[in-house]
Amino acid sequence: MNPLRNLRMMTRYNAWANQRMFEGLAKLPEGAPTAEPGGFGSMIFALNHNYVVDLIFKGHLEGKPHGYTARNTKVMPALAELEQKQTQVDDWYIAYADAMTTPMCDEMVDFEFVDGGSSTMTRGEMILHAINHMTYHRGMVGEMFNRLGTRAPRMDLTVYLRDARPVLPGDAA
């Protein structure tokens with residue numbers, strides 16, 4: 001297994017799964033993505049939380065202040081706006097992973113959580129956290145699809161590898 005190749009593949013998988021989720025949301029009845037069926041708020045609330053956490057960890061990876069004091073915003077964006085912003089940050093993670101070297105992947109980075117706790121993670125661990133976190137909350141949104149009596153888009157890694165396997169930097173042509 002090649003850790004850098006896996007990070008590169010997983011950033012692409014994450015972007016693909018996010019796109020599938022937004023395509024599914026666009027097919028729902030008007031108002032469904034912002035309805036609050038209980039649990040973690042609305043679909044938009046959960047996906048905006050993902051977006052904010054992606055930006056927080058992007059800031060940690062860049063060594064720049066992210067400007068957030070909470071893991072979500074008070075005002076939720078419209079679905080189309082959130083999709084556009086998420087696509088941009090997904091593209092950033094793909095480009096970042098593509099530019100990583102093994103030493104970068106293993107480099108430890110100190111940072112502060114928005115609640116004030118300190119931590120240290122490698123750059124590779126930060127990317128894996130962002131992807132894992134996204135997967136967790138997409139699963140929550142998938143359950144909300146079920147509550148609406150509809151099926152969430154298929155976003156499994158196996159489906160991605162079957163339907164959209166990427167050619168990654170360094171792969172043999």
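Which element gives the most to the lining of the largest cavity? The legends below get to that after a quick look at the whole chain, which is a predicted model.

**Figure 1. The whole protein, with 6 helices and 2 strands.** Reading along the sequence, you get the pattern α-α-α-α-β-β-α-α. The radius of gyration comes out at 16 Å, close to the 16 Å that the globule rule gives for 173 residues, so the protein is as compact as a globular protein of that length. Along the principal axes, the C-alpha trace covers about 45 × 45 × 20 Å. Buried residues account for 45% of the 173. Take the contacts with a separation of 6 or more, and 72% of them turn out to link residues 24 or more positions apart.

**Figure 2. A close-up of the largest cavity, with about 50 Å³ of space inside.** Searching the whole structure for cavities of 30 Å³ or more turns up just 1. Its lining is made by T11, N14, A15, D54, D90, Y93, A130 and I131. Two or more lining residues come from each of α1 (3-26), α3 (79-99) and α5 (123-147). And the opening question? It's α1 that gives the most, with 3 residues. By type, the lining splits into 4 nonpolar, 2 polar and 2 charged residues.

**Figure 3. N14, one of the residues lining the largest cavity.** N14 sits in helix α1. Its relative accessibility is 5%, so N14 counts as buried, the cut-off being under 20%. Setting aside neighbours within four places in sequence, N14 makes contact with D90, I131, M134 and R138. Of these partners, D90 and I131 also turn up in the lining of the largest cavity.

**Figure 4. The largest nonpolar core, a set of 45 residues.** If you want to find your way around in here, start with L25, F57, Y93, I127, V141 and F145, the residues with the most contacts inside the core. Two or more core residues come from each of α1, α2, α3, β1 (108-112), α5 and α6 (157-164). The largest share belongs to α2, which puts in 11 residues. Y93 is worth a second glance, as it also helps line the largest cavity.

**Figure 5. V141 and the residues around it in the core.** Which residues does V141 touch, not counting those up to four places away in sequence? The list runs to M21, L25, M43, A46 and L47. One of them, L25, shares with V141 a place among the residues with the most contacts inside the core.

**Figure 6. H137, a residue of helix α5.** Is H137 buried or exposed? With a relative accessible area of 5%, H137 is buried. Residues up to four places away in sequence aside, H137 touches F40, A46, H49 and N50. A46 may look familiar, since V141 touches it as well.

**Figure 7. I56, found in helix α2 (residues 43-62).** I56 has 5% relative accessibility and so counts as buried. Its contacts, leaving out neighbours within four places in sequence, are H66, Y68, A70 and V114. For a sense of scale, pull the view back to N146: that residue is 90 places from I56 along the chain, and the two C-alpha atoms are 30 Å apart.

Note on methods: Residues numbered from 1 in each chain as written. Predicted model: local features only at pLDDT ≥ 70, side-chain atom pairs only at ≥ 80, totals over all residues. Heavy atoms only, no water. Helix = DSSP H or I, 4+ residues; strand = E, 2+ residues; numbered from the N terminus. Buried < 20%, exposed > 50% of the residue type's maximum accessible area, 1.4 Å probe, protein only. Contact = heavy atoms within 4.5 Å. 1 Å grid on protein atoms, 1.4 Å probe; cavity = no way out; pocket = protein on both sides within 12 Å on 5 of 7 lines; lining within 4 Å. Points joined across faces, edges and corners; volume = space filled by probe spheres on them. Nonpolar A, V, L, I, M, F, W, Y, C, P; charged D, E, K, R; others polar. Core = buried A, V, L, I, M, F, W, Y, C linked by side-chain atoms within 4.5 Å. Rg over C-alpha atoms; globule rule 2.2 N^0.38 Å.
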